[in-house]
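Colleague: I should like to go through the terms used for this model and the reasoning behind each of them. Please begin with the charged pairs.

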Amino acid sequence: MTFGIDSLGIETPGKIIAVHLNYPSRIAQRGRTPEFPSYFFKPASSLAPTGATIERPAGTELLGFEGEVALVIGKPAHWVSPEDGWSHVSHVTAANDFGLYDLRAADKGSNVRNKGGDGYTPIGPVAISTDGIDQDSWRVRTWVNGELVQNDTSDTLKFSFGQLVADLSQHMTLETGDVILTGTPAGSSVVVPGDVVEVEVDAPNAPGAPTTGRLVTTVTQGSKAFGDFGSKPAINDLQRIEAWGSEDEHAAAVAAGKASPLDAPVETHPLTAELRELLDGVAVATVSAALRKRGYVDIFIDGVHPNHEGDRILGIAKTLRFIPFRPDLFKKYGGGYNAQKRAFDSVNEGEVLVVEARGVRETGTVGDVLALRAQFRGAAGIVTDGGVRDYSAVEEFSIPVFSQGAHPSVLGRRHVPWETDVTIACGGAAVQPGDVIMGDRDGVIVIPPFLLEEVARDSAKQEAEDAWVADQVAAGAKVDGLFPMNAEWRARYEAELAAGKGA
């Protein structure tokens, strides 16, 4: 069987070896960072050329695609070094590492059945010679029904191509024609019958910008169900969410009729519409006092100010962390689809993107393009204890941005974008994903979710009292005994409140 690379004269590769996790964008999605690469085998019978179809078996739901760069070994490799590993790769092509989440539990990581099905490894259509092209020069892109869903480059990889060859060569001789699938970037999701998936690998900055062309696969519906003599498909809500990429993407697929609803209700955040309404117009200062009563005194994100006078912010924290600049780390983690881009691309409606910049204001951590992306995504705001570049342009947007002020520098002067959705320190406050962020002209505070309801109700009550007190002062009353209210003033307030005349 040829596999779409006729020009190499290879009938069938002796081994097809795939990497579990490699792109930082995908690692961030999965929430686990491998110290070293791990692998699984795919059978030669799973190979397919461009233009082939792939069946989603009857009784299954979650057929996932993964666009990848495929390495073709040109000369045997045995105990080679990472520095020499790339020289053993003669060609690069495109591959699609299809997998059936419904059978993941059957093989505990070996992926024999969920990734070994007939047609589950389309490859081709053209192999690009690696002569004169560096291992960091490759790009992989994937389209589903014409929409670009994956786009990443090999210079971002946690494990370089040379390292993969070297590591595998310690354990087995890599023979001419063997294929290594090098991992997939963020954007992998689920396809359904009728979908068309296209993968292309190219070297856009190399002479002639060589490309594999698009590897096209069409999904069809299978009619045969799995028998009772082997593992049967089984999925749960966690697998549904992981397969589609996020709860929001799964929900959109459900709305489009492409996915089944979750079996269990998704846990909702305590920042409900009722509590949002309750906090509408309540001052941050009032809420901070309610938190202080409960022992929370270090909840202030200090030093940040809104880009618009009168801005208020209330939402759920999504976090982004920068670490101090170091040239080697920035080279590895600062380019491509880095943590900063991932954070702004994945912030959801009602969330506040909170950025840890270690209080360093002498560089920009947000610019006009990223702020506009967050606004488009429906974010409730952005908070950074660093600077904002393109400040005038950002001021033109409606999204509230709290920062230390303007600074014109680009990314890479003082920071390396490091990770998302972790506990961070912003402006002296600990912030966890899911915390409630509230801000106004007085500043920004962090509210632990489990305290939100009681703090909101307490604060709304206090705000009403303070408004009544202010009315009395405006009418000429002395502050002594009124603020705070003594028993006499309290009784008067309670009486007016009961009569419907108070706040």
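Modeller: A salt bridge here is a side-chain nitrogen of Lys or Arg within 4 Å of a carboxyl oxygen of Asp or Glu. The model is a predicted one, and the structure holds 31 salt bridges.

Colleague: What makes Arg490 and Glu494 a salt bridge?

Modeller: The closest N and O atoms of Arg490 and Glu494 are 3.9 Å apart, and the cut-off is 4 Å, so the pair qualifies. Both residues lie in helix α14, 4 residues apart, about one turn of the helix.

Colleague: Why is Arg490 called partly exposed?

Modeller: Its relative accessible area is 28%; partly exposed is the range between under 20% and over 50%, so the term applies to Arg490. Glu494, at 37%, is likewise partly exposed.

Colleague: Why is Asp202 called buried?

Modeller: Asp202 has a relative accessible area of 6%, and buried means under 20%, so Asp202 is buried. The side chain of Asp202 meets that of Arg139 in a salt bridge of 2.6 Å, N to O. This pair links strand β15, which holds Asp202, to strand β11, which holds Arg139, 63 residues apart.

Colleague: How do you know that Phe483 is exposed?

Modeller: Phe483 has a relative accessible area of 54%, and exposed means over 50%, so the label follows. Together with Val473 and Val479, Phe483 makes a nonpolar surface patch of about 270 Å².

Colleague: Why are α8 and α13 called oblique to each other?

Modeller: They pack at an angle of about 125°. Roughly perpendicular covers 65 to 115 degrees and roughly antiparallel begins over 145, so α8 and α13 count as oblique.

Definitions and conventions: Residues numbered from 1 in each chain as written. Predicted model: local features only at pLDDT ≥ 70, side-chain atom pairs only at ≥ 80, totals over all residues. Heavy atoms only, no water. Patch = residues over 30% accessible without salt bridge, like charges linked within 9 Å, V, L, I, M, F, W, Y side chains within 5 Å. Areas by Shrake-Rupley, 256 points an atom, 1.4 Å probe, with all protein chains shown as cover. Buried < 20%, exposed > 50% of the residue type's maximum accessible area, 1.4 Å probe, protein only. Axes fitted to C-alpha atoms, helices over the stretch in contact; angles between N-to-C directions. Helix = DSSP H or I, 4+ residues; strand = E, 2+ residues; numbered from the N terminus. Parallel < 35°, antiparallel > 145°, perpendicular 65-115°, else oblique.
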